[in-house]
Amino acid sequence: MNQVTCEDEVLERLSVTRDPRAFFQEVGMVIEENADHLLRGAFRQEEYAVKYAIEPLLNRQGPLSELTVRLRLMLGLGMLAVETFEDLERMIKLRDWLTLDIRNYRFSDEVVMQRLKRLHSLQRIGLPPLPPLDPESDHQLYLMQLDRQDQMVQSALQLAVSATVLELARESPI
């Protein structure tokens with residue numbers, strides 16, 4: 001796995017996605033890479049500990065192979081703030097929900113927006129109010145307005161996600 005630490009890299013990776021499913025799949029990968037790096041970094045002082053104790057715990061069959069378990073461990077060790085942990089957990093749940101759901105959602109769909117509004121990082125940044133749209137108006141204009149709303153939500157979400165993920169890119173406090 002390749003660790004993403006630079007905010008520009010996170011934003012670049014997230015900006016190429018065009019729908020919430022692809023966006024949150026990429027978010028999941030970025031979280032995984034950075035969580036792995038932070039956890040390994042916490043134990044890097046002792047080379048033998050990493051090689052013989054930590055690596056087996058983190059590999060595919062190890063008890064820490066699940067990302068949510070690693071995040072809980074990092075919360076318990078004081079490596080993550082509670083709000084950061086909650087946001088990371090919600091992002092992973094969003095990814096899983098979007099992956100399992102066969103519908104193709106837009107960023108501005110109400111069902112997606114309800115879940116996004118629970119993110120502490122998005123609340124801090126503030127999501128601009130989305131103006132109501134009239135589906136009865138000119139169809140082309142309506143589609144352009146929908147695309148604009150999606151862009152607004154995605155942009156705010158990119159900033160919120162990058163701020164949260166960068167919490168994982170810092171040096172380990174232990």
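Helices (H or I, at least four residues) and strands (E, at least two) are taken here as DSSP runs, numbered from the N terminus. The structure is a predicted model, in which local features need pLDDT of at least 70 and side-chain atom pairs count only at pLDDT 80 or more, while totals for chains, interfaces and linings use all residues. Residues are numbered from 1 along each chain as its sequence is written, and side-chain values use heavy atoms, with hydrogens and water left out.

A good place to start is the overall fold. The protein contains eight helices and zero strands, and its elements, read from the N terminus, follow the order α-α-α-α-α-α-α-α. Confidence is given as pLDDT, the predictor's confidence in each residue, from 0 to 100. The average pLDDT of the protein is 85, and 83% of the residues score at least 70. Among the elements, helix H5 has the highest mean pLDDT (96), whereas helix H3 (residues 47-58) has the lowest (63).

Next come burial and contacts. A residue is called buried under 20% relative accessible area, exposed over 50%, and partly exposed in between (1.4 Å probe, protein chains only). Of the 174 residues in the protein, 41% are buried. The accessible surface, from the Shrake-Rupley method with a 1.4 Å probe and, for residues, with only the protein chains shown counting as cover, comes to about 9800 Å². Carbon and sulfur atoms supply 53% of that surface. Two residues are in contact when heavy atoms lie within 4.5 Å. Among contacts in the protein with a separation of 6 or more, 68% are between residues 24 or more positions apart.

The aromatic residues offer a friendly landmark. A pair of aromatic rings is described by the distance of the centres and the angle of the planes. Rings of Phe, Tyr and Trp (its six-membered ring) pair if their centres lie within 6.5 Å; planes under 30 degrees apart count as stacked, over 60 as edge-to-face and the rest as tilted. The count by this rule is three aromatic pairs. In one of them, Phe-23 and Phe-107 meet edge-to-face, with 5.5 Å centre to centre and 90° between the planes. This pair links distant parts of the chain, 84 residues apart: Phe-23 belongs to helix H2 (residues 20-42), and Phe-107 to the loop between helix H5 (82-100) and helix H6 (110-116). Both Phe-23 and Phe-107 are buried. Ring pairs join Phe-23, Phe-24 and Phe-107 into a cluster.

Another ring has a charged partner. A charge sits over a ring if NZ of Lys or CZ of Arg is within 6 Å of the ring centre and within 35 degrees of the ring normal. Arg-115 is placed in this way over the face of Trp-97, at 3.8 Å from the ring centre.

Helix H2 also holds Val-27, which counts as buried because its relative accessibility is 1%. Not counting residues up to four places away in sequence, Val-27 touches Leu-14, Met-91 and Val-161. Val-27 and Val-165 stand 138 residues apart in sequence, yet 8.6 Å apart in space, C-alpha to C-alpha. The contact partner Val-161 is found in helix H8 and is likewise buried, at 1% relative accessibility. With the same sequence neighbours left out, Val-161 touches Leu-14, Phe-23, Val-27 and Met-91. The C-alpha atoms of Val-161 and Val-30 are separated by 9.7 Å, with their positions 131 residues apart along the chain.

Polar side chains appear in both helices. A polar contact is a pair of N or O atoms within 3.5 Å; within protein, one must be able to donate a hydrogen and the other to accept it, and residues adjacent in sequence count only if both atoms are side-chain atoms. Glu-33, in helix H2, counts as buried because its relative accessibility is 11%. The side chains of Glu-33 and Arg-13 are joined by a polar contact of 2.8 Å. Thr-164 lies in helix H8 (residues 139-166) and is buried, at 2% relative accessibility. A polar atom of the Thr-164 side chain lies 3.0 Å from the backbone oxygen of Ala-160. Beyond residues up to four places away in sequence, Thr-164 touches Thr-84, Asp-87, Leu-88, Met-91 and Ser-121.

Leu-159 is also in helix H8, but at 41% relative accessibility Leu-159 counts as partly exposed. Leu-159 touches Leu-11 and Ile-125, not counting residues up to four places away in sequence.
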